[in-house]
Structures are given as C-alpha cells and as structure tokens.
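Colleague: Got a minute to walk me through this fold? I'd like to start with the sheet and finish with the empty space inside.

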Amino acid sequence: MLKKAPYSIHPSKQIRLIIDTDAGCEADDQFAIAQALMTPKFDVRGICAEHFTDRFDENSEQLSFLEIEKVVTLMGLSGSVSVCHGSPRMTGEGVYKKSEASELIVREAMRDDPRPLYIVLLGAVTNVAAAFLANPAVQDRVLLVGGMYPDNTWNFNSCNDHIAYNILLDSRAEWWTFNLPMGIGMQASIMHLYNAVYPCGAIGKYLYERTLYAVETLTERIAEDRAAKRMGCDVSQAAFAAFMPTGENWSFWDCAVVGMAMYDHMDAYLMKPAPLLLDETGHTQFRPEHPHVLRCYQMVDSAMILEDFYAKLK
C-alpha cells in the first residue's frame, strides 16, 4: 500500500490519468509509472501497454505489459490498478485493431466525470490512435501529454508507429508535446540512484537494478542505431564514449511527461501548428496553416520533478 500524502488536492485540480507506455523497453517508464501512482493529484484509471520495435523483440507489447504488472505489484497495488494489453502497430491509414487499452481509453473518455482526463504518452501512440478511430468523439474529451514534436529528426517513439502519430497530429485533441532539448536536464547519476532509490524497499531496489539493465542493453542498441545512422552518427568515435548511455547517468524523459501533467510549467512552451510525419525515419512536412495547434515545451523544472519522485519514494 502507498503511504498517505501529508496534503490534499482541491477537487477542481484533480485529474483522471491514463498511462500509455512501452515499459518493456528501457527504465524511465518504470520511474514515471511509480511517480504517477504516488501522486495524489492523479486518479490513475489504467496503464496501457505499448509495443516498441520488432528489431529488439517481436513480443514487445507483452514485455511492456509484464513490466507494468511488475511495477504495480512491487508497489503493493496489484488488483487495484487496471493493466491493459495494447494494439499492434498500424499497417495502413485507418487500419487498426481494438484492444483492452483502446477500449479503456474510449470507455474512460466517454464516462460522465467532471474531472479532466489526461493521457500521458510514454511510447508509441497506437492505443490512443486506435481509440480515436474507434470513437472520434474521444478526441474532444482528452488532453494528451508527451510525445516529441516532429522536426525532421528520427525519434524512437513516434517512428515506431508514424501512422498512429499522424492520426493524433490530425486530430482535434489538445496536445502538449516537447522538443529534444527539453529532456537534457532530466538526468540522474547512477550513484545518486543507488543512494536515493535503491534503499526504498522492493520497488526502489527494482528500479535501480532495472536502470543498470537498461544501461547495458541500451548501449548495444544505440551502437546499432549509430551504425544505421538513426542517432549518434554526427559525433566522432572518441566522442561517442560520452554519448548516451554513458554508464554514469540515466535520462528520465518519461518523468518529465508526468511532471508536465502535474504542473503545466506556465510559459515554458511555444504554440506550433501540427506537422506531418512522412515516414518512419522522421522526415517531416511542416504545415504552417494547419488548424491543430500544439504546445511544444522548451523546458521543464527538472529539479522539482526529480526531487518530487525521490521524496514520494522515500
């Protein structure tokens, strides 16, 4: 069971939350899930498993599902939080498969509840796109938080299902995205995680050990991406030794997304028209006159977000 917070949230500031996550991929999703579950502002209505890429595992959605269940169980919340299987990657425009996740999103969006429904996007957005196609009215009843603003660069999450990403870009849903530099400050050293996270019960121990696993695994994956010219290819071989993951730190992008849902960071964003992803390499068509205008965050308060996580976990 979670410890009771020493403060309460005004009813007008409470948020229903759905977490859409590729938790089987790395480690920051697990931290973000834990932080959301520990945050009194959020009523987590469900956690939805996303696929990530067949290059690493053809059962990636199942890996995400199992990781979500593990985090929920270690936090003592098994059976009290809905964990849903997700939809497979879309194979064409308008082609989708319903799933537990897409049906949860539709059901929760259409439910009569005065509290707003936020969906935090911590992976490919296939489940949300499937829900939009199943019931277009959902677009007007949710607020999306997370996802990188397309800018002619390859991005792991958006390019894992660029068809689904374009469905969200062409939707009516309010969407808070971010740019690449926003996550630069979302860093923690491995040594700090050992001192601040590892001692905090079974969940703290697992989060730390999962980070070590992710560092080792991602080192191999990023080397593959560098060879394929997806990322890290613009630095020298010598400089690549200091390129992510360094072995000394980890990036907590997904905690930044949870932090954006906690606190909108006021004027830390620009308003930009929704572009279009042309392919799975990230090539982008900019559409200055497009009516769907998105928030694009330039920065977040990384210290506040990470200190909030450590304090709630302690």
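Modeller: Sure, here is a short run of questions and answers on this predicted model.

Colleague: Which strands stand at the edges of the sheet?

Modeller: The sheet is open, with 8 strands in mixed pairing, and the order reads β3-β2-β1-β4-β5-β6-β12-β9. A strand with a single partner has one side left without a neighbour in the sheet, so the edge strands are β3 (83-84) and β9 (269-273).

Colleague: What is the bridge partner of Cys48 in β3?

Modeller: Strand β2 covers residues 42-49 and runs parallel to β3, with 2 bridges joining them. In β3, the residue bridged to Cys48 is Cys84.

Colleague: At what angle does helix α2 run to β2?

Modeller: Helix α2 takes in residues 60-74 and lies across β1 (15-21), β2 and β3. Its direction relative to β2 comes out at about 145°.

Colleague: And helix α9, what angle does its direction make with that of β4?

Modeller: Helix α9 (residues 253-262) packs on the sheet too, and its contacts are with β1, β2, β4 (117-122), β5 (143-148), β6 (174-178) and β12 (293-297). Against β4, the angle is about 165°.

Colleague: How many nonpolar residues are in the lining of the largest cavity?

Modeller: With a cut-off of 30 Å³ or more, the count is 1 cavity, and the largest holds about 40 Å³ of space. Its lining is made up of Met148, Tyr149, Pro150, Asp151, Thr153, Asn155, Ser158 and Leu277. Sorted by type, that lining has 1 charged residue, 3 polar and, for the class you asked about, 4 nonpolar.

Key: Residues are numbered from 1 along each chain as its sequence is written. This is a predicted model: local features need pLDDT of at least 70, side-chain atom pairs count only at pLDDT 80 or more; totals for chains, interfaces and linings use all residues. Side-chain values use heavy atoms; hydrogens and water are left out. On a 1 Å grid over the protein atoms alone, a cavity is a set of points where a 1.4 Å probe fits but cannot get out, and a pocket is an open set with protein on both sides within 12 Å along at least five of seven lines; lining residues have an atom within 4 Å of a point. Grid points are joined across faces, edges and corners, and a volume is the space filled by probe spheres set on the points. Ala, Val, Leu, Ile, Met, Phe, Trp, Tyr, Cys and Pro count as nonpolar, Asp, Glu, Lys and Arg as charged, and the others, Gly among them, as polar. Two strands pair if DSSP finds at least two bridges between them. Helices (H or I, at least four residues) and strands (E, at least two) are DSSP runs, numbered from the N terminus. Contact means heavy atoms within 4.5 Å. Axes are lines fitted to C-alpha atoms, for helices over the stretch in contact, and angles run from 0 to 180 degrees between N-to-C directions.
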